[in-house]
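Here is a walk through one protein model, taking the cysteines before the strands, helices and surface. Keep the 3D view open and click along as you read.

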Amino acid sequence: MENPSGSLGGSDISSPGSRFKVDTANIPPTSPPPPPPPLDSQSSPCGSPPPPFDASNDAATTDEEILTPCSGGEPSALIINIPKGDSQDDDHLIKNNKDSTSTNLYLYQDEERPHMASAISSMANYSATIQSRPTDPDAKPVQSANLGTLMGVYLPCIQNIFGVILFIRMTWIVGTAGAVEGFFVVFMGCCVTLLTAISMAAIATNGVVPGGGSYFMISRALGPEFGGAVGILFYLATSVAAAMYIIGAIEILIIYIVGPAMSLFGPDITNDFVKFNNYRVYGTFLLITMGTIVFIGVRFVNKFAAVALACVLLSIVSIYVGIFVNIGGNDKANFCVLGTRIVRQVNNCTKEQGSDLFEQWCKLNGTLASNDTSALTPGDYVCDEYFNKNEAFMKRGIRGLWNGTFYDNVVSTYKDVGDSISSSSEEFEYNLGGAPKRGYITSDIYTSFVILVGIFFPSCTGIMAGSNRSGDLADPQKSIPIGTIMAILTTSTVYLSSVLLFAATVDPLLLRDKFGESIGGSLVVGNIAWPHPKVVEIGSLLSTIGAGLQSLTGAPRLLQAIAKDGIIPFLAPFQVQSAKGEPVRALGITLLICEVAVLIGNVDEIAPLLSMFFLMCYGFVNLACALQTLLRTPNWRPRFKYYHWSLSLLGVVLCIAVMFMSSWYYALLAMGIAGIIYKYIEYRGAEKEWGDGIRGLALSAARFSLLRLEEGPPHTKNWRPQILILAKLDSQLKVKHKRLFALASQLKAGKGLTIGVTVLDGHFGKMYGEAQAAKFSIQQVIKDEAVKGFADVVVSKDISDGVCHLTQTTGLGGMKPNTVILGWPNSWRKKEEDSWKVFVDSVRYASAAKMALLVPKGIQRYPDSGDKVKGNIDIWWIVHDGGLLMLLPFLLKQHRTWKNCKLRIFSVAQHEDNSIQMKKDLKTFLYHLRIEADVEVVEMQDSDISEYTYERTLLMEQRNEMLKEMRVSDKRKGKMTRRLSLNKGVGEYKVVDDIIIHTDKVTNEIEVENIVTTHVETVIENSRADVPNIEDKIPPKIEEDNELQGNSLTVPKSSNRESSNVRRMHTAVRLNEVIVNKSHDAKLVILNLPSPPKIMGPDKDASYMEFLEVLTEGLERVLMVRGGGREVITIYS
């Protein structure tokens, strides 16, 4: 008896109380059982019919329904509807299916998984998959700037990297460290940034990067605690760095361009009080101006930045042009030298009486008191000993490339505080020691290689400028890697070449003159430039202003991204943005932080701390990339391929080294601040436990990890197949199909856990020894196949019940399996009912447990783990059930067995679908998934159901009917004669008659099934070659009828719908034809596993097996896949 509430296809196939029957008008009348009254699901077995099955009410709670026989009818089969009440799936893409019931895909017409035609469009548009909170319906849609690689990443990085260091510190670093060591000082900083950029490129191309840039990448790779800690530090560093750029711009403007006339507090701009107050006032005005520009919009920032950057590049070009124009040197930067020591600028570089040098190094003899200096002679003065012994002369500062200057600048000359700048390393150099400084130029700080590395490195901080603005980029995955790496290569080339060119052009003494005192406080590089020094001065000014604008643009967006994540509650107000998409509140707090730094005036003391913050961010980017690569998480699929974990680890080491080179106490302070923020975000750390040494630590870590995993379901990024293998043993308790474990081993790129289990038939109290032997056998296979996992055995009186218990209870905490591998019963037609009953029940149990299911068919022909396969892996994506079909081939390709295979993805389009748009959306979706595959959309137009389909369906139902009669009656011959005496041709009737005669001679029920199966398979093979004309005998149409007449093969005459079995068989036949045509030479075919029948019963289960058999006929290796009801793959990093 069938459930009147509907069939597998859904409620649109039938109405309450109807039956589907094949019309057999010419068949001799039989004695059908009286029709049972419809059931009342609430009161009694005989009453009004229950409402049709509606998948949309899946969340409603109903009682388990058991249909009982009504009076006057035959004993009915026990039919149980699976209880409802399951929670709604978390993922919004896996919803109730409302697709049209086309016969082409009727086999996949379940309620949970949408067809690809309706799902791919929303998946391809990644913004549609972001779970956003409700917004104001009256608000205007936020418009992104949609910037490209040049304007969005390359130019901002160039502006931030080309800071003031190149113009006011590079010459001093070259002169102090020498050409060789200076080259390595710059090279070390460039290596740190380049390695970080490579790691960042891998992370940025591992999924869609929304607003937040570097913070988003670090937090998603290392977790919210690390991401939040580094994000806050990076935000503070970026905010205060904007203030540093502003102060730097004001310093260049007052000291080098305008001079004392610009001072508001007095003409002596070398006085700290005058200088810092000028910085505060002018810096505040400049901050307000720049903040207004940023508030107007990012496009205005880019327009201004383009002009500023043009000036910066022009000034750099003028330097390089000047180097070659002045290849023989020039006299713009001539300076005075006393002996081997450089002195401040003087009007006449002579030792004559009355000269500037004479006045500074000589004083009148104390015994003379004459006021008439004209009458005095040099003998009346007492001069410095060094002044008396050495001559004074003018020296050319810009000597040019042709004069062999490079050789003089090869050796380093590190100084201590107070040492005079001298070209000699042998003589005693002046040290203050309480003596007057006179006109010597001395070193203001202690210098060494590591200190110079720390001083130069801030000029490399700027590589995150593009990633911080990822929300404004049209394609962050493409723009961030290309723009950042190209910017670093460009700036590194300029830095490294400038070291060599400066060393080959400028005199060593002038290079060590840090502030240009010997040439009147002028920029050394300005005197190299062509045509005029002002070009470099203006260029450096605009460079700092442009870098400040980029910092003020990136910092608010970084704070907004942290606030949106909700990991720091008090930052929630800063996630609000304006109608134009600008983070107004975040910009306001950023301006306040900048103003605090500007009012401090002198940021030299906090500059090393800012470098610590940047270096910590860079270090964590490298660490994130290294960990993701070494852990080989399934979601780690960067489109950028030119990275390696060793490069990332080298970047981490270099970042830590530079931090401690720059300032060890600032490095510790920065780490301490990061630790405090980390603990605040975490709020509650791991519980400490001191046990017996290493074992106690391991147990504590394992317990802590399991408890953390138990807190909730894993994020989509962290989903990986935790595999439960349902293995079958032979009579010797040996594993029959070891290739199931080989397949699990090949899927272990996901680094999940594997548990191999089996069920023994019997009583546990009497089979303990057999259970242990079976467990040892599975453990041995696990070891042989190099699978990381465990074995378990359950003894049960019923195999199906044992599988049910294993599905429910296997695993511990968050390490419970989420994927079942179930072997296909190859001889299900020729063996007892249990072989396929256990299979279908296992499919149901996995589905009920929300577990993914993998059914490999032809497992004997699957490759071993040591084999190598070359060819195509074809994915037939028919319905969307969480993206498992996309993840599995990717995991397989990580294994050496399938590494050389090529992915091909096929999707099926119906007549109402736009196949061109489907293909475009599918390509877009694969691009975001970072999976390379060929895409093809197969169009399957609605077609008439073939005669072969009808006959295959008829034979299937005949077999089911015969087996049913054998189970319920001892009088097999009479029963089968009445049920199966169809009005067929002589030959076909003889087939059924032969079956009855042969089965009458045996008494074993298993042998009866084998005889039936043999004859049915013979008919199937013959019908493939020559389909008989049965149109008159099996009308294709059915109708809905409230009366139950005859068996399930009879049908009324006036309906326009096909029977459910015919439509499912039509799907299986049509899809099989298309799949065999396209994928006959594929090394592996992966396709969706249709849902098992919701109405339980032997007939339904046997029909389901037949549909799967027809669907996969003619394919060597097939992997049927059914998702667990949640997304397992994501486009995000």
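A disulfide, as the word is used here, is a pair of cysteine sulfur atoms within 2.5 Å. One thing to keep in mind throughout: this is a predicted model.

**The cysteines**

How many disulfides does a search of the whole structure find? The search turns up 2. Counting the bonded cysteines along the chain, the pattern is 1-2, 3-4. Here are the two links side by side.

| Disulfide | S to S distance | Torsion about S-S |
|---|---|---|
| Cys-336 to Cys-349 | 1.9 Å | about 70° |
| Cys-362 to Cys-383 | 1.8 Å | 110° |

Take the Cys-336 and Cys-349 link to begin with. Its S-S torsion is about 70°, so this disulfide is right-handed. Cys-336 sits in strand 1 (residues 335-338), while Cys-349 is in the loop between strand 2 (341-342) and helix 9 (356-361), so the bond ties together parts that are 13 residues apart in sequence. Look for this pair under the surface: Cys-336 is buried, and Cys-349 is too.

Now for the other link. Cys-362 and Cys-383 also form a right-handed disulfide, with 110° about the S-S bond. Here Cys-362 belongs to strand 3 (residues 362-364) and Cys-383 to strand 4 (residues 381-383), so the pair ties together parts that are 21 residues apart in sequence. Cys-362 and Cys-383 are both buried.

Two further cysteines are worth a click. Cys-157 has 1% relative accessibility, so it counts as buried. Cys-311, at 26% relative accessibility, counts as partly exposed.

**The sheet around strand 1**

Strand 1, where Cys-336 lies, also belongs to an open sheet of 3 strands, with order 2-1-5 and antiparallel pairing. The edges are taken by strand 2 and strand 5 (392-395), each with a single partner strand, so one side of each has no neighbour in the sheet. Strand 1 and strand 2 run antiparallel and are joined by 2 bridges. One contact to pick out is Leu-338, whose bridge partner in strand 2 is Arg-341.

**Strand 11, a covered strand**

Further along the chain, is strand 11 (residues 872-877) mostly covered or mostly open? Mostly covered: 6 of its 6 residues are buried. Asn-872, Asp-874 and Trp-876 point one way from the strand, Ile-873, Ile-875 and Trp-877 point the other way, and all are buried. Strand 11 pairs with strand 12 (residues 902-909) in the parallel sense, over 6 bridges. Within that pairing, Asn-872 has Lys-902 of strand 12 as its bridge partner.

**Helices and distant partners**

Helix 7 (residues 272-296) is a nice one to trace end to end. Its 25 residues reach 36 Å from the first C-alpha to the last, close to the 36 Å expected at 1.5 Å a residue. Right after helix 7 comes Gly-297, with a positive phi near 150°.

Two other helices hold residues that can be paired with positions well along the chain. Gln-159 is part of helix 2 (residues 149-161), and its 4% relative accessibility means that it counts as buried. The C-alpha atoms of Gln-159 and Leu-313 are separated by 9.5 Å, with their positions 154 residues apart along the chain. Over in helix 13 (residues 476-505) you'll find Ala-504, which counts as buried at 11% relative accessibility. For Ala-504 and Phe-406, 98 residues apart along the chain, the C-alpha separation is 3.9 Å.

**A nonpolar patch on the surface**

To finish, turn to the outside. Which residues make the nonpolar surface patch of about 600 Å²? They are Ile-656, Phe-660, Trp-664, Tyr-665, Leu-668 and Met-671. The elements that each give two or more residues to this patch are helix 19 (645-662) and helix 20 (664-682). Helix 20 gives the most, with 4 residues. Met-671 is in helix 20, and at 33% relative accessibility Met-671 counts as partly exposed.

Key: Residues are numbered from 1 along each chain as its sequence is written. This is a predicted model: local features need pLDDT of at least 70, side-chain atom pairs count only at pLDDT 80 or more; totals for chains, interfaces and linings use all residues. Side-chain values use heavy atoms; hydrogens and water are left out. Buried means under 20% relative accessible area, exposed over 50%, partly exposed in between (1.4 Å probe, protein chains only). Two strands pair if DSSP finds at least two bridges between them. The expected span of a helix is 1.5 Å times one less than its number of residues. Patches are made of residues with over 30% relative accessible area and no salt bridge: like charges are joined within 9 Å, nonpolar side chains (Val, Leu, Ile, Met, Phe, Trp, Tyr) within 5 Å. Accessible areas come from the Shrake-Rupley method with a 1.4 Å probe; for residues, only the protein chains shown count as cover. A salt bridge is a side-chain nitrogen of Lys or Arg within 4 Å of a carboxyl oxygen of Asp or Glu.
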